[in-house]
Amino acid sequence: MRSALGVVFIAALASIAAAQARPPAPPAPAAPPAPSTPAAPIGAWTPVPELPGMGRPVDTASVATRRRALAARIGRGVILVPAGHERDIEREVIQDNDFRQNNTFFYLTELETQDAWLLLAAGDRGGPETILFLPPRNPAQERWTGLRLGVDSTATRLSGIARVLPVDSLDAVLGSLAFRAGGGPLYVPLDATTREESRVKDLAFAGRDVRNLRPIVDSMRLVKDADEIARMRKAIDISAAGHVAAMQAARPGMWEYEIEAVLEGAFRRNGADRVGYPSIVGSGPHSTTLHYDVNRRQTKDGDLVVVDAGAEWGQYTADVTRTFPVNGKFTARQKAIYDLVLATQQAAFDSTRPGTTVARLNRVARDYMRAHSGTLCGDEGCDAYFIHGLSHWLGMDVHDVGDYTTPLRPGIVLTIEPGIYLPQEGLGVRIEDDVLVTATGAEWLSAKAPKTTVEIERLMGRR
């Protein structure tokens, strides 16, 4: 018995020793990290599949309010507005052949449908009679060019316009309404977009009282409503993200078009419909050319780069300019010029409030720049090198419609963009922001794009 236990004991000791001699088992492999969810695009929305174009929902309450306000302004008469036409890719610039709606038609409908007409008969006590005329659908054609809106209950529901008729009934209805309106004027938009519109030309030369609708609508478009401001915030936030991406990517030796590609790639990743205007990426000597958009120079160490670019979203555009050193560090000279431009912009912003004018803000900016120039620009004040206006309206167009003598009102959006351009040094600085006039002053809409030298250097230092 004792002998058997001894054998067992010795065997157990041997087993323990062998286990201790073996290398430890490798740890179990760690579980792979969970895939990160990419941030939703700034401009993401839920499309309406029955709508053409972007399929972006119509704010039916906003456009109905605009139509009622327009009818109230004219008092009595008939308003006729054509939609834009499909681009002809055989004759027009192929790389720019995406359809973009006529601004006046979009303002009153928010529809991206093509070859349509909007008719308003003003003067009735119940508000304007509103009719949307649509061309017939062609399923075979739609296989080539995409969905179209048809004359049916879907168009009524999605547009918010109760009466939808085929476009071939327009002339008969127009004649009937014009007679019923007691011979009131006929308002049509007379501009470059309707110059080739045969129906508009026929009406204009038919001996009727035809008046230009554009000045009335343009004055309305100057003050943005809540829906317009929301669209502009999206466009501006997308633009700020693009400017941040451009700063983070920039390196000496990059070509201007490479920076442009990073910028516009960020626009599209964040849901931009298109650029609001050709992007300007001017480095070194090109930083002093205001509307340089060739973007073909190779950057050099020590260059400043002026990037003037804005995304469009929901048919509204941003307009933002940032200036940064391609190597991520301002020289003392560059910083001195930059800080004067930035302080000038702040002085103009501080004077932005209801009741003032663009001319007044321009004077504030120039006076400030002159008073604080010192010897930065030689014997002259630096305002001598501020060679463009301070501001312009912003909206569906980058230089939006409206009378520049109009005193500022809440809801107006404008740019504030001082600059100094010294061609002899190849040194240009422009800082441009989009600003909303509020009841008590103003709001920076484009504040998400860094613009102090400290902010820019810190961002570029993280590359």
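How much area does the chain expose, and what share of it do carbon and sulfur atoms supply? In this predicted model, the chain exposes about 21,900 Å², and carbon and sulfur atoms supply 57% of that area.

**Overall composition**

The chain contains 13 helices and 17 strands. Of its 463 residues, 50% count as buried. Taking contacts between residues at least 6 apart in sequence, 70% join residues that are at least 24 apart.

**Strand pairings**

Strands of a sheet pair through backbone hydrogen bonds, in either the parallel or the antiparallel sense. Three pairings are set out below.

| Strand pair | Sense | Bridges |
|---|---|---|
| β2 (residues 117–122) and β3 | antiparallel | five bridges |
| β3 and β4 (residues 163–166) | parallel | four bridges |
| β16 (residues 433–437) and β17 | antiparallel | three bridges |

Strand β3 (residues 129–134) is largely enclosed by the rest of the structure, because five of its six residues are buried. Ile131 illustrates how β3 is joined to both β2 and β4: Ile131 is the bridge partner of Leu119, and Arg163 in β4 is in turn the bridge partner of Ile131.

**The three-stranded sheet**

An open sheet of three strands follows the order β13-β16-β17, and its pairing is antiparallel. Its edge strands are β13 (413–416) and β17 (442–444), each of which pairs on one side only. From one strand to the next, the twist averages 35 degrees. Within the pairing of β16 with β17, Val435 stands opposite Trp444 of β17. Helix α11 (residues 332–350) packs on this sheet and touches β13, β16 and β17. The direction of α11 makes about 145 degrees with that of β17.

**Packing of α2 and α8**

Two packed helices are described by the angle between their axes and by the distance between those axes. For helix α2 (residues 60–74) and helix α8 (residues 214–222), the axes come within 11 Å and cross at roughly 130 degrees. This angle makes α2 oblique to α8. The crossing of the two helices, α2 and α8, is right-handed.

Which residues of α2 and α8 meet? On the α2 side they are Arg66, Ala69, Leu70, Arg73 and Ile74, and on the α8 side they are Ile216, Val217, Ser219 and Met220.

Notes:
Residues are numbered from 1 along each chain as its sequence is written. This is a predicted model: local features need pLDDT of at least 70, side-chain atom pairs count only at pLDDT 80 or more; totals for chains, interfaces and linings use all residues. Side-chain values use heavy atoms; hydrogens and water are left out. Buried means under 20% relative accessible area, exposed over 50%, partly exposed in between (1.4 Å probe, protein chains only). Contact means heavy atoms within 4.5 Å. Accessible areas come from the Shrake-Rupley method with a 1.4 Å probe; for residues, only the protein chains shown count as cover. Two strands pair if DSSP finds at least two bridges between them. Axes are lines fitted to C-alpha atoms, for helices over the stretch in contact, and angles run from 0 to 180 degrees between N-to-C directions. Angles under 35 degrees count as roughly parallel, over 145 as roughly antiparallel, 65 to 115 as roughly perpendicular and the rest as oblique. A crossing is left-handed if the near helix is turned anticlockwise from the far one by less than a right angle, and right-handed if clockwise.
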